[in-house]
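Reader: I am new to this structure and would like a close look at one part of it. Please start from a single residue and then work outward through its surroundings and the rest of the model.

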Amino acid sequence: MDGWRPGASARTLRARAEVFRAIRDFFHARGVIEVDTPLIGRFGVSDPAIEPLFVSAPRDAIAARRFLQTSPEFAMKRLLAAGSGPIYQLGKAFRAAEEGSRHNPEFTMLEWYRPGFDLDQLAAEVADLLGDCLGALGRPLPAVSTAAYAELFEEVLALDPHSAETDCLAAAAAAFTDVSGLVLDRDGWLDLLMSHAVEPALRDRGLVVVKDYPASQAALARCVERDGRRVADRCEVFLGGVELANGYRELLDPQVHRERAAVDNARRRAAGLEERKLDPRLLDALSSGLPDCSGVALGVDRLLMHALGADRLDEVLPFSWGRA
């Protein structure tokens with residue numbers, strides 16, 4: 001019986017360590033300080049696509065149930081509002097019901113925030129960091145390009161994702177996967193088309209920064225007017241057709257945070273999901289003044305998959321969900 005063995009080989013464990021070292025060296029050289037925020041909190045995110053894992057604390061009279069954090073975002077923003085300056089965190093994050101070749105409920109996330117950076121500056125820094133991480137493993141950084149979300153949809157699907165009707169999006173999805181029985185809203189169909197049609201088309205295009213997502217997919221990014229459209233000031237970074245990072249020009253207004261959380265919770269109710277209260281300490285931090293900044297979260301395990309030519313996360317994790 002060898003079920004006790006790790007999924008990652010000794011060579012892969014050394015590669016993980018080299019990437020962790022490269023990350024810390026990169027930020028140390030740029031004056032970005034490492035922080036470590038709590039893994040367990042009282043509040044989860046309201047995003048209907050993200051579900052947390054829970055921790056029971058029966059002796060805690062204040063909160064009998066807490067969340068394993070899906071991201072350090074809220075705690076890091078509290079640090080930024082308190083005057084931390086540029087910060088990063090390299091550690092574990094947790095998301096329920098995410099298991100597969102590219103997903104594990106427990107994973108390694110790198111998240112950092114840059115006061116004074118716009119999204120283009122942040123995307124350039126993501127590319128620089130990836131270059132250092134790949135270089136630490138003797139791999140070159142592929143060619144880097146930028147494309148608008150709408151540009152890719154028009155190229156791959158010959159439709160405008162900002163104006164296409166929901167029925168049109170559903171019909172387009174049927175060409176790439178079985179959609180029988182699926183009942184999705186407009187953003188649901190856009191997400192399906194992104195994952196099943198657009199992302200595969202990026203496989204041979206190196207490192208691609210996709211920007212200008214629909215305003216309805218802004219999450220906690222600001223919205224801006226660009227080329228006559230209201231879009232999210234948000235980007236995603238793809239390497240070999242796989243999403244590695246998701247970055248925002250951060251939303252500063254606490255009232256808009258409240259409004260977006262209300263929309264999220266309406267969607268959660270419609271889907272039969274439990275509502276999520278927005279963290280009041282985050283709102284207090286925003287009210288005190290979050291600096292103008294951009295932030296990004298990057299999946300380190302997926303980066304290792306690409307660098308080592310692995311097919312599954314299990315091959316680059318010491319112990320994946322099934323081995324833990």
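Reader: Take C293: is this residue buried or exposed, and what is its relative accessible area?

Author: The model is a predicted one, and all values below are computed from it. C293 is buried, because its relative accessible area is 0%, under the 20% that marks the limit for a buried residue.

The next point is whether C293 is bonded to another cysteine. The count of disulfides is zero. C235 takes part in no disulfide, and its nearest cysteine sulfur, 14 Å away, belongs to C293. Seen from the other end, C293 is also in no disulfide, with the sulfur of C235 as its nearest cysteine sulfur at 14 Å. A pair counts as a disulfide when the sulfur atoms lie within 2.5 Å. C235 is buried as well, because its relative accessible area is 4%.

Another buried residue is T70, which sits in the loop between β4 and α2. Its relative accessible area is 6%, so it falls in the buried class. Leaving out residues up to four places away in sequence, T70 touches V45, I50, E51, P52, A93, F94, R95, F107 and M109.

T70 also belongs to the lining of a cavity. The structure holds one cavity of 30 Å³ or more, and the space in the largest cavity comes to about 80 Å³. Besides T70, its lining consists of F43, G44, V45, P52, F67, L68, Q69, S71, E73 and F74. β4 and α2 are the elements that give two or more residues to this lining. Sorted by class, the lining holds six nonpolar, four polar and one charged residues.

β4 leads on to a small sheet. Three strands form an open sheet in the order β2-β4-β3, with antiparallel pairing. β2 and β3 (53–56) are at the edges and have a single partner strand each, so one side of each has no neighbour in the sheet. The pairing of β2 with β4 (65–68) is antiparallel and runs over two bridges. I40 has L68 of β4 as its bridge partner.

I40 is also one of the residues that lie nearest the centre of the second largest pocket, together with G41, R42, R78 and D279. This pocket has a volume of about 270 Å³ and is lined by 15 residues. β2 (40–41), α2 (73–81) and α8 (280–289) supply at least two lining residues each. The largest share, three residues, comes from α2. By class, the pocket lining divides into seven nonpolar, three polar and five charged residues. α2 thus appears in both linings: it gives two or more residues to that of the largest cavity and three to that of the second largest pocket.

T70 has a further link, through its contacts A93 and F94, to β5 (87–94). Six of the eight residues of β5 are buried, so the strand is largely enclosed by the rest of the structure. β5 pairs with β1 (33–34) in the parallel sense over two bridges, and with β6 in the antiparallel sense over eight bridges. I87 serves in both pairings: it stands opposite I33 of β1 and opposite Y113 of β6. In a regular strand, side chains alternate between the two faces of the sheet.

The loop between β5 and β6 (106–115) holds R102. R102 is partly exposed, because its relative accessible area of 32% lies between the cut-offs of 20% and 50%. Beyond its neighbours within four places in sequence, R102 is in contact with E199, G241, V242, R302 and L313. R102 and R302 are 200 residues apart in sequence, while their C-alpha atoms are 6.9 Å apart in space.

Two further loop residues have a backbone angle to note. A158, in the loop between α4 (149–157) and α5 (166–173), is not a glycine but has a positive phi near 55 degrees. Its relative accessible area is 69%, so A158 is exposed. A219, in the loop between β8 (207–214) and β9 (223–226), likewise has a positive phi of about 55 degrees without being a glycine. A219 is partly exposed, with a relative accessible area of 35%.

To return to the residue asked about: C293 is buried at 0% relative accessible area, and it is in no disulfide.

Key: Residues numbered from 1 in each chain as written. Predicted model: local features only at pLDDT ≥ 70, side-chain atom pairs only at ≥ 80, totals over all residues. Heavy atoms only, no water. 1 Å grid on protein atoms, 1.4 Å probe; cavity = no way out; pocket = protein on both sides within 12 Å on 5 of 7 lines; lining within 4 Å. Points joined across faces, edges and corners; volume = space filled by probe spheres on them. Helix = DSSP H or I, 4+ residues; strand = E, 2+ residues; numbered from the N terminus. Nonpolar A, V, L, I, M, F, W, Y, C, P; charged D, E, K, R; others polar. Buried < 20%, exposed > 50% of the residue type's maximum accessible area, 1.4 Å probe, protein only. Contact = heavy atoms within 4.5 Å. Pairing = 2+ DSSP bridges.
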